[in-house]
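Welcome! Please take a look at the sequence and structure below, and then read on for a short tour.

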Amino acid sequence: MAHIPDGVLSLPVLAAGTLAGVGGLALGIRRLTDRDIPRTALLAAVFFIASSQAFSLGPTSVHLLLGGLTGLVLGWKAFPAIFVGLLLQTLLFGFGGLTTLGVDLVNMALPGVLLAAVVRPFIRVDRPARSAAFTGGAAALAVVITAVLVGVEIALSEPAFAPALGVMAAAYLPLAGIEAAVTAFVTLYLLKVKPEMIVAPAVLGTAI
Amino acid sequence: MATDAADAAAPTSRLDRLDTRTRVIVAVALVLTLVSLRSWVLLSAAIVLGLLLTGFAGIPARQTLRRLLHVEGFLLILFVALPLTTRLPPFLEIGPLALSLPGLERAVTLALRITAAALVVLPLISDLTPIRLGHALGRLGLPPRLVQVFLFSIRYIELLRAEARRLHDAMRLRGFAPRTNLHTLKSYGHFIGQLLVRAIERAERVNEAMRCRGFAGRFPLVTLERFGTADVGVAGLTVLLAAAALLLDRL
């Protein structure tokens, strides 16, 4: 439900979201050097694949959002990467909408990017458990903030929905837990295998 | 997945006579108009227009239906909850549940609007191949670097998907079966981590190969498409339709 379809949001919400999305994209693109183009594209492809894969959970299955992990690995370049993913999802699967691209982009990318910036200084190769705890926490919080953003946007567009949204937001909590665990394990793995992908100074490419 | 290879094989529809840029702009304009409409008659008319477009583009009915079901899935929860939760005068009370008429009205408006939007976007945009959309966005003035990232992603998604499949096969051969436990989450964590590592290493090789060939941040976007008479006609018609709909809606 992180994708809001066309036709739900009101024009002011769409305008504000699009503006914020364009701002984030501009920041991300400014940090994209020639060297970063293939990297960002391939990582965007990985996040697209990983988040379109259903992971079974008990009787049902969930799709990961991976906003926190994307922010950790890509920094502000998560905005172009997630934009690409959203565009492809709209195009190939019809998830989400065309006019809501900016809003969806902000919902998905902003929490991850900001939280990743907060926890990045605490990620260290010699402290894997602490690093994983921080990234896992950031990933869970990113999911919750995404859910809250979606809820607030819908409530602003259609105030009548507001009471129903609390119930829907609660549905995100198990996902937050799963994201936290998966992101923590990815962190442990990367710290062992390719620490430069996730450790502080080397957010892929030249600058964060 | 529709990538470039599927491009040549894709049957051309009548909408393909238009410049892709026109299709993108018309779709955005129509959806933005729909968002502002409140009249059920106009929204129903928009649905009919969407169905006509879908027929015109030669999209199979089954694909249309699947797309619609997907979009309406989003609505389902809201649709059930909205009439129940709106704090407006109820018209029907069953125990603690109170169905309110204004709530129901809003839910219907929203359902019509979302259906109309999906029916407009499907034939105009979702029918395009990613490569074609990428080129059109580039020619519409999106930053070249962003377009480059988009085009590269399309190129590598299929490849990385194959990589993911191999990893998954390897996991299954070692007896992995997803369950609801920590081990499963750990395995998925390592799976995603390994996919990221492979992607980064491939990106490094791609980057080196491109630098050897003098890549400087952009590829030329080549197209035979021209903004022609048909495009002017369709753009004009869209403006007229949108203006008429907005005017009628205010009356």
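## Two helices that meet

In this predicted model, Gly24(A), Leu25(A), Leu27(A), Gly28(A) and Ile29(A) of α1(A) are in contact with Ala78(A), Phe79(A), Pro80(A) and Phe83(A) of α4(A). Contact here means that the C-beta atoms of two residues, placed from the backbone, lie within 7 Å. By class, this contact has seven nonpolar, two polar and no charged residues. Ala, Val, Leu, Ile, Met, Phe, Trp, Tyr, Cys and Pro count as nonpolar, Asp, Glu, Lys and Arg as charged, and the others, Gly among them, as polar. Helices (H or I, at least four residues) and strands (E, at least two) are DSSP runs, numbered from the N terminus.

Residues are numbered from 1 along each chain as its sequence is written, and chains are lettered from A and ligands numbered from 1 in the order in which they are written. Because this is a predicted model, local features need pLDDT of at least 70 and side-chain atom pairs count only at pLDDT 80 or more, while totals for chains, interfaces and linings use all residues.

## Chain A and its partner

Chain A contains eight helices and two strands, in the order α-α-β-β-α-α-α-α-α-α from the N terminus. On the other side, 67 residues of chain B are in contact with 57 residues of chain A. The largest share of the side of chain B that touches chain A, 17 residues, comes from α8(B). The classes on that side are as follows.

| Class, side of chain B that touches chain A | Count |
|---|---|
| Nonpolar | 46 residues |
| Polar | 14 residues |
| Charged | seven residues |
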